[in-house]
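Visitor: I'd like to learn how to read a few features straight from a model. Could you walk me through them?
Guide: Sure, let's take a look together.

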Amino acid sequence: MNDTVQAQLAKEEVGSKKIRCAGGVVVNTLTSKVLLVKNAETGAWGIPKGKRKGKGTKREESLLAAVREIGEETGVTDLVVWRLLGSYSRPKDRTRKVIEVFLFYTKQEELIATDPRHQEIGWFTKEEAVCFITLAEDRQFFAEHQHAF
């Protein structure tokens, strides 16, 4: 993790309760499309992501959480991690959700919606993804980092 990301995470640590999350931009190397999921509860489209399990020193590592969440939400398990893209935060009820995002590549095209909270999943061009991603903070992070993939 680079110094900028560490400094941002330390800064976000001060002040309010945080929900620690991890996820990934998954790029299919055969089609150059990216993977998005739709949250059935909120109707919001975004990259696959979710809470890191555990607390304190027993908290799941971000990369492992991202891989787990992608697999659970989409069935995509053939992943090659490329790098940490960065992190961002957004409000979540009375707390802040802090999301670390990794860049993954895959040749796997088949998607399996096994998570009842994410029954709509699909591959999108980068241009389509920017339009589909619902939450402003998620969309801004994606748009600012799409040059990296």
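Visitor: How many salt bridges does the structure hold?
Guide: Start with the general idea: side chains of opposite charge can pair when their charged atoms come close. This is a predicted model, and it holds eight salt bridges.

Visitor: Let's go through some. What is the distance between the closest N and O atoms of Glu100 and Arg52?
Guide: They are 3.5 Å apart, and the two residues form a salt bridge. Glu100 sits in strand β6 (residues 95–106), while Arg52 is in the loop between β4 and α2, so this pair ties together parts that are 48 residues apart in sequence.

Visitor: Is Glu100 buried or exposed?
Guide: Here you need a cut-off: buried means under 20% relative accessible area. Glu100 has 4%, so that residue is buried. Arg52 has 17%, so the partner counts as buried too.

Visitor: Which residue does Asp138 meet in a salt bridge?
Guide: That's Arg90, with 2.8 Å from N to O. The pair links distant parts of the chain, with Asp138 in helix α4 and Arg90 in strand β5, 48 residues apart. Both of these residues are buried, and for Arg90 the relative accessible area is 8%. The contact between the two side chains also shows up as a polar contact, at 2.8 Å.

Visitor: Where in strand β5 should I be looking, and what else lies around Arg90?
Guide: Strand β5 covers residues 80–92, and Arg90 has its place there. Try Ala136 as well: from C-alpha to C-alpha, Ala136 and Arg90 are 9.0 Å apart in space, but 46 residues apart in sequence. Ala136 belongs to helix α4, which runs over residues 136–145. Ala136 counts as partly exposed, because its relative accessibility is 43% and partly exposed lies between the 20% and 50% cut-offs.

Visitor: What about Asp115 and Arg117: how far apart are N and O in their salt bridge?
Guide: The distance is 3.1 Å. Compare the burial of each partner: Asp115 is buried at 7% relative accessible area, whereas Arg117 is partly exposed at 40%.

Visitor: Which residues are linked in a network of salt bridges?
Guide: Glu60, Arg68, Glu69 and Glu72. You can pick out these four side chains in the viewer and follow the links of the network.

Visitor: Now for the surface. Which residues gather in a patch of positive charge?
Guide: Look for like charges gathered together on the surface: here they are Lys17, Lys51, Lys55 and Lys92. Take Lys51 as the example. Lys51 lies in strand β4 (residues 49–51), and with a relative accessible area of 55% this lysine is exposed, as exposed means over 50%.

Visitor: And which residues form a nonpolar patch on the surface?
Guide: Leu63, Val67 and Val81 do, and together they have about 190 Å² of accessible area. Leu63 lies in helix α2 (residues 62–74). That leucine is partly exposed, with a relative accessible area of 32%.

Visitor: Let me try a recap, then. Glu100 with Arg52 is a salt bridge with its closest N and O atoms 3.5 Å apart, and Asp138 with Arg90 is another, at 2.8 Å. On the surface, there's a positive patch that includes Lys51, plus a nonpolar patch that includes Leu63.
Guide: That's the picture.

Conventions:
Residues are numbered from 1 along each chain as its sequence is written. This is a predicted model: local features need pLDDT of at least 70, side-chain atom pairs count only at pLDDT 80 or more; totals for chains, interfaces and linings use all residues. Side-chain values use heavy atoms; hydrogens and water are left out. Patches are made of residues with over 30% relative accessible area and no salt bridge: like charges are joined within 9 Å, nonpolar side chains (Val, Leu, Ile, Met, Phe, Trp, Tyr) within 5 Å. Accessible areas come from the Shrake-Rupley method with a 1.4 Å probe; for residues, only the protein chains shown count as cover. Lys and Arg count as positive and Asp and Glu as negative; His and the chain ends are not counted. The place of a charge is taken as NZ of Lys, CZ of Arg, CG of Asp or CD of Glu. Helices (H or I, at least four residues) and strands (E, at least two) are DSSP runs, numbered from the N terminus. Buried means under 20% relative accessible area, exposed over 50%, partly exposed in between (1.4 Å probe, protein chains only). A polar contact is a pair of N or O atoms within 3.5 Å; within protein, one must be able to donate a hydrogen and the other to accept it, and residues adjacent in sequence count only if both atoms are side-chain atoms.
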